[in-house]
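Thanks for letting me look over this one. Here are my notes, in the form of a few numbered points to read alongside the structure.

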Amino acid sequence: MKKILILGCGGMLGKAFYEHFSKKYIVEATDIDLNEKWLKYLDVRDYKEIRKKVMDFVPDFVFHLAALTDLEFCENNIEEAYRTNTVGTENAAMIAKEFNIPLVYISTAGIYDGKKDLYDDYDVPNPISHYGRSKYMGEIYIRRHLTKYFVFRAGWMMGGGKKDKKFVSKIIKQLQKGKKEIYAVTDLYGTPTYTNDFAKNVDHLIKTNYYGVYNMVCGGNASRYDVAKEILKNLNLSKKIKLTPVKSDFFSKDYFAPRPDSERLVNLKLRLRKLNKMRGWKACLKEYINKDWHEKL
Ligand SMILES: NC(=O)c1ccc[n+]([C@@H]2O[C@H](COP(=O)([O-])OP(=O)(O)OC[C@H]3O[C@@H](n4cnc5c(N)ncnc54)[C@H](OP(=O)(O)O)[C@@H]3O)[C@@H](O)[C@H]2O)c1
């Protein structure tokens, strides 16, 4: 069996990656947050420790998932954001290059400025937040210095159950607290991305030598309001909970980091190469809610 070293595997995407890849590969899963017994401590800011791990484990692939993913935290802690998201990525890339190991890096739709309606893989990024910029600088380093790499750009991530820090869990946690009215924004657009489909599609790609940058999101696109509506529908709560549309400035105190109006991606390159295994976001959301959330309400 081939071996994969995963950096930053303790989060919502890491859960899906561990579940998928540990069935077919020998996986060494690492993070700084040891929230599972299968995780080992490794900090991507620590070049020497990553290098030591790579020399000991001798992986066939390095998957780099580690990041500070809270946009507001990144705006308030700018140096920390670049130390982890950019310099941490440079560390992983330098070591992958030294040992000639293909590197998988997870980038984000948040590297665009949102002025276009829809972004394909060839659109030129122009990040407007420190999170987006720190992730994009990591992407640029990889693209300039490596030849064997996959950069996968994900959209609004959904998955991970109790590890989900993002929109789906934020809505469901309000419902768990007994809220009868939910506010959701209508003027921010994106492409939901199911962690389980993402893991499967990454597995599909690493079996090829088609290195490069790929958008990798679910089919279709949505506003936050559309996603909230679909969550309520899947929980049979559409009639019981009032869903109120608002503009993004309604949340500007809590969510003060700049966000692109549109983070909609299309998987153009995956489609052109006939490698797109991502399903539509509504089917994925339905599966995710049935699997991870139904019993918790
Ligand atoms: N979530 C999204 O909507 C989204 C969208 C597009 C792309 N992505 C990218 O997808 C990847 C996985 O994100 P995710 O959604 O799974 O986020 P997540 O749940 O926040 O997972 C990221 C993991 O990285 C860990 N980490 C932070 N600093 C680290 C360090 N110095 N060394 C090692 N691990 C460290 C985090 O630990 P702590 O919890 O202690 O910080 C966390 O366990 C990231 O690269 C992210 O930028 C995410």
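**Notes on a predicted model**

1. Let me start with a strand pairing. In this predicted model, strand S9, covering residues 189-190, runs parallel to S14, and two bridges join the pair. One contact to look at is Tyr189, whose bridge partner in S14 is Ser262.

2. Now for the sheet around that pair. S9 sits between its neighbours in an open sheet of three strands, ordered S12-S9-S14, with mixed pairing. The edges are taken by strand S12 (222-223) and strand S14 (262-263), each of which pairs on one side only. As a reminder, strands of a sheet pair through backbone hydrogen bonds, in either a parallel or an antiparallel sense.

3. Next, the second largest pocket, which has a volume of about 170 Å³. Its lining is made up of Ala16, Glu19, His20, Lys23, Lys24, Asn196, Ala199, Lys200 and Lys291. Which helices each supply at least two residues of this lining? They are helix H1 (12-21) and helix H7 (195-206). Sorted by class, the lining holds five charged residues, two polar and two nonpolar.

4. Glu19 deserves a second look. Besides lining the second largest pocket, Glu19 forms a salt bridge with Lys15 through their side chains, at 3.2 Å from N to O. The two residues lie about one helical turn apart because they are four residues apart in helix H1. For the wider picture, a search of the whole structure gives 22 salt bridges.

5. Finally, a point about the surface. Ile32, Leu34 and Tyr41 make up a nonpolar patch there, and together they have about 310 Å² of accessible area. Of these, Tyr41 belongs to strand S3, which spans residues 39-41.

Key: Residues are numbered from 1 along each chain as its sequence is written. This is a predicted model: local features need pLDDT of at least 70, side-chain atom pairs count only at pLDDT 80 or more; totals for chains, interfaces and linings use all residues. Side-chain values use heavy atoms; hydrogens and water are left out. On a 1 Å grid over the protein atoms alone, a cavity is a set of points where a 1.4 Å probe fits but cannot get out, and a pocket is an open set with protein on both sides within 12 Å along at least five of seven lines; lining residues have an atom within 4 Å of a point. Grid points are joined across faces, edges and corners, and a volume is the space filled by probe spheres set on the points. Ala, Val, Leu, Ile, Met, Phe, Trp, Tyr, Cys and Pro count as nonpolar, Asp, Glu, Lys and Arg as charged, and the others, Gly among them, as polar. Patches are made of residues with over 30% relative accessible area and no salt bridge: like charges are joined within 9 Å, nonpolar side chains (Val, Leu, Ile, Met, Phe, Trp, Tyr) within 5 Å. Accessible areas come from the Shrake-Rupley method with a 1.4 Å probe; for residues, only the protein chains shown count as cover. A salt bridge is a side-chain nitrogen of Lys or Arg within 4 Å of a carboxyl oxygen of Asp or Glu. Two strands pair if DSSP finds at least two bridges between them.
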